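Work through the exercises below with the model open. Try each task before reading its solution.

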Amino acid sequence: MSMVHPASLAAYRAIPDIVQREAIVYRCLKNYPGSSANEIAEKVGKVETNVRSRLSDLQRAGRVKVVGKKTDAITGRRVQAYEVVP
């Protein structure tokens, strides 16, 4: 795993849209623990790849964790289930 330079991370976090999307994903997951990325995307009206990126960011920040696998209600595939870290 590569380290991200603090200045790069600060510049990335300065993009309001990214921060807002992260907050939207976090709030959705807080309200619907155990959701998959696809389920979150459907609930918040975003593209799944964007939601996955925000989930990865939230995981790296220690705010979200994978709690297991489940069958996705939309695709029928086995996927990761997420929840917020208390």
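Contact here means heavy atoms within 4.5 Å. The model is predicted.

**Exercise 1. Place R63 and list its contacts beyond its sequence neighbours.**

Step 1. Locate the residue. R63 sits in the loop between helix 4 and strand 1.

Step 2. Apply the contact cut-off. Setting aside neighbours within four places in sequence, R63 contacts E22, Y26, L58, V84 and V85.

Step 3. Check one partner by distance. R63 and V85 are 22 residues apart in sequence, and their C-alpha atoms are 5.1 Å apart in space.

Step 4. Classify the exposure. Buried means under 20% relative accessible area and exposed means over 50%, with partly exposed in between. R63 has 35% relative accessibility, so R63 counts as partly exposed.

**Exercise 2. Is V66 buried, partly exposed or exposed, and what does V66 touch?**

Step 1. V66 belongs to strand 1, residues 64-71.

Step 2. Its relative accessibility is 33%, so V66 is partly exposed.

Step 3. Leave out residues up to four places away in sequence. V66 then touches Q59, Q80, A81 and Y82.

Step 4. Compute a separation. From V66 to N38 there are 28 residues in sequence and 14 Å in space, C-alpha to C-alpha.

**Exercise 3. Describe the surroundings of G34 and E39.**

Step 1. Place both residues. G34 is in the loop between helix 2 and helix 3. E39 lies in helix 3.

Step 2. Classify each. G34 counts as buried because its relative accessibility is 18%. E39 is at 9%, so E39 is buried too.

Step 3. List the contacts of G34, without neighbours within four places in sequence. They are L29, E39, K70, A81, Y82 and E83.

Step 4. Do likewise for E39, skipping residues up to four places away. E39 touches G34, K70, D72, A73 and I74. K70 appears in both lists.

Step 5. Add distances. The C-alpha atoms of E39 and I74 are separated by 7.2 Å, with their positions 35 residues apart along the chain. G34 and V47 are 13 residues apart in sequence, yet 19 Å apart in space, C-alpha to C-alpha.

**Exercise 4. How do helix 3 and helix 4 cross, and which residues meet?**

Step 1. Take the axes. Those of helix 3 and helix 4 come within 8 Å and cross at roughly 115°.

Step 2. Name the geometry. Angles of 65 to 115 degrees count as roughly perpendicular, so helix 3 is roughly perpendicular to helix 4.

Step 3. Give the hand. The crossing of helix 3 and helix 4 is right-handed.

Step 4. Pick out the residues. Helix 3 brings A37, N38, I40, A41 and V44, while helix 4 brings E48, V51, R52 and L55.

Step 5. Sort them by type. The contact of helix 3 with helix 4 holds six nonpolar residues, one polar and two charged.

Step 6. Look at burial along helix 3, residues 37-44. A37, N38, E39, I40 and A41 are buried there.

Step 7. Look just past the end. G45 follows helix 3, and its phi is positive, near 75°.

**Exercise 5. Which residues of the largest nonpolar core touch the most other members, and which elements supply the core?**

Step 1. Start from the principle. Nonpolar side chains tend to be buried together in soluble globular proteins.

Step 2. Find the most connected members. The largest nonpolar core has 13 residues, and V25, L29, I40, V51, L55 and V64 touch the most other members.

Step 3. Assign sources. Helix 2 (16-31), helix 3, helix 4 (48-60) and strand 2 (78-84) each supply at least two residues of this core. Helix 2 gives the largest share, four residues.

Step 4. Trace one member. Apart from residues up to four places away in sequence, V25 touches I40, V51, R54, L55 and L58.

Key. Residues are numbered from 1 along each chain as its sequence is written. This is a predicted model: local features need pLDDT of at least 70, side-chain atom pairs count only at pLDDT 80 or more; totals for chains, interfaces and linings use all residues. Side-chain values use heavy atoms; hydrogens and water are left out. Buried means under 20% relative accessible area, exposed over 50%, partly exposed in between (1.4 Å probe, protein chains only). A nonpolar core is a set of buried Ala, Val, Leu, Ile, Met, Phe, Trp, Tyr and Cys residues joined through side-chain atoms within 4.5 Å. Axes are lines fitted to C-alpha atoms, for helices over the stretch in contact, and angles run from 0 to 180 degrees between N-to-C directions. Angles under 35 degrees count as roughly parallel, over 145 as roughly antiparallel, 65 to 115 as roughly perpendicular and the rest as oblique. A crossing is left-handed if the near helix is turned anticlockwise from the far one by less than a right angle, and right-handed if clockwise. Ala, Val, Leu, Ile, Met, Phe, Trp, Tyr, Cys and Pro count as nonpolar, Asp, Glu, Lys and Arg as charged, and the others, Gly among them, as polar.
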